[in-house]
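Hi everyone, thanks for making time this morning. I'd like to walk you through one fold, going from its sheets to its helices and then to a few single residues.

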Amino acid sequence: MLDPKPGESVLDLGCGTGHLTAQIAARGTDVFGVDASAAMIEQARRAYPNLTFEVADIRALPFVGRFDAVFSNAVLHWVKEAEQAVAAFARALQPDGRFVAEFGGRGNVGRILAALQAACRDMMGLAVESPWYYPSVAEYAGVLEAAGLEVTYATLFDRPTPLEGEAGLRHWIDMFGGHFLATVPAAQHHEFSRRVEEQLRPALYREGVWFADYRRLRVVAVKRHALVSDAS
């Protein structure tokens, strides 16, 4: 959907270790990868030394009118300050530049989230809020339009995703559930994960495979006019 053209300038938001950035660059584009993780950027620089990567906060990008396109995959649901992020990458686009992204949408990991919250409540007596931002199509379209971007395509769809191995869900919790694990003493992490597994097994475990109940929001928008100044 990004369909990068030779000679275009593309900003990869939340580039991680640079794998998709390199694929975009292979199309002949001038691509610039940014990520908030210094460790990820260091890995990207080692893997792709001919590409440009920088540590940057998506909510406070320094670019103005620089890019033909902004691309992001599986990142923006980690940025709860959506208005700040959208305003920042909208500024980075040239007039008629496009934004193409996919990330967690309304209802993403709904069952997993409920089980994590239930385990926190049952073990620690805590009500733990979600650390993620999962908007609906209408909600995110409104944020984009407020920043001067016209939505030309948007869809929310289920994408059940297999997790490798019998311990697939436990590994998912270790990788993405740190916000919840931090509320539980380290000695009880095994019991925490066991409770989550027990609750989710009937719905998300099939024929020896765990599935994450992902829902994805995919969106394309175009910067149709110059943005008003920040002061407004």
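Let me start with a term I'll lean on: two strands count as paired here if DSSP finds at least two bridges between them. And please keep in mind throughout that we're looking at a predicted model.

With that in hand, take β6 and β10. Strand β10 covers residues 215–223, and nine bridges join it to β6, the two running antiparallel. If you want one spot to click on, pick E150: its bridge partner in β10 is V222.

Those two strands belong to an open sheet of seven strands. Reading across, the order is β3-β2-β1-β4-β5-β10-β6, and the pairing is mixed. Which strands stand at the edges? They are β3, residues 52–55, and β6, residues 149–158. Each has a single partner strand, so one side of each is left without a neighbour in the sheet. From one strand to the next, the twist averages 15°.

We've just seen antiparallel pairing between β6 and β10, so here is the parallel side of that mixture. Strand β4, residues 67–73, pairs with β5 in the parallel sense, over six bridges. Within that pair, V70 stands opposite F99 of β5.

Let's stay with β5, which spans residues 93–104. Is this strand mostly enclosed or mostly open? Nine of its twelve residues are buried, so β5 is largely enclosed by the rest of the structure.

Some of what surrounds the sheet is helical. Helix α3, residues 82–92, lies across β1, β4, β5, β6 and β10. Its direction is at about 140° to that of β5. Helix α5 packs on the sheet too, touching β5, β6 and β10. Relative to β6, the direction of α5 makes an angle of about 160°.

There is also a second sheet. This one is open as well, with three strands in the order β7-β9-β8 and antiparallel pairing. Its edge strands are β7, at 161–163, and β8, at 205–206, and each of them pairs on one side only. Three bridges connect β7 to β9, which is residues 209–212. One of the matched pairs there is T161 with A212 of β9.

Now to the helix pairs, and α8 is the one to follow. Start with α6 and α8, residues 168–176 and 189–204. Their axes come within 10 Å and cross at roughly 125°. How do we class that angle? The two helices are oblique to each other, because an angle counts as roughly antiparallel only over 145 degrees and as roughly perpendicular only from 65 to 115. The crossing is right-handed. On the α6 side, the contact is made by L169, R170 and I173; the α8 side includes H190, F192, V196 and L200. By type, the residues of this contact divide into five nonpolar, two polar and three charged.

Then α8 also meets α4, with axes that come within 9 Å and cross at roughly 140°. That makes α4 oblique to α8. This crossing is right-handed too. Among the α4 residues involved are I112, A115, L116, A119 and M123, and among those of α8 are F192, V196, L200 and L204. Here the contact residues divide into 13 nonpolar, one polar and four charged.

Let me finish with three single residues. The first two are about backbone angles. Most residues other than glycine have a negative phi. D96 doesn't: its phi is near 70°. This aspartate sits in β5. Is D96 buried or exposed? It is exposed, because its relative accessible area is 54% and the cut-off is 50%.

V109 also has a positive phi, about 40°, without being a glycine. You'll find V109 in the loop between β5 and α4. At 0% relative accessibility, V109 counts as buried.

Last one: S136, in the loop between α4 and α5. Its relative accessibility is 17%, and since buried means under 20%, S136 counts as buried. What does S136 touch, leaving aside its neighbours within four places in sequence? The answer is R106 and L217.

That's my tour. Thanks for listening, and I'm happy to go back to any of those views.

Note on methods
Residues are numbered from 1 along each chain as its sequence is written. This is a predicted model: local features need pLDDT of at least 70, side-chain atom pairs count only at pLDDT 80 or more; totals for chains, interfaces and linings use all residues. Side-chain values use heavy atoms; hydrogens and water are left out. Helices (H or I, at least four residues) and strands (E, at least two) are DSSP runs, numbered from the N terminus. Buried means under 20% relative accessible area, exposed over 50%, partly exposed in between (1.4 Å probe, protein chains only). Axes are lines fitted to C-alpha atoms, for helices over the stretch in contact, and angles run from 0 to 180 degrees between N-to-C directions. Angles under 35 degrees count as roughly parallel, over 145 as roughly antiparallel, 65 to 115 as roughly perpendicular and the rest as oblique. A crossing is left-handed if the near helix is turned anticlockwise from the far one by less than a right angle, and right-handed if clockwise. Contact means heavy atoms within 4.5 Å. Ala, Val, Leu, Ile, Met, Phe, Trp, Tyr, Cys and Pro count as nonpolar, Asp, Glu, Lys and Arg as charged, and the others, Gly among them, as polar.
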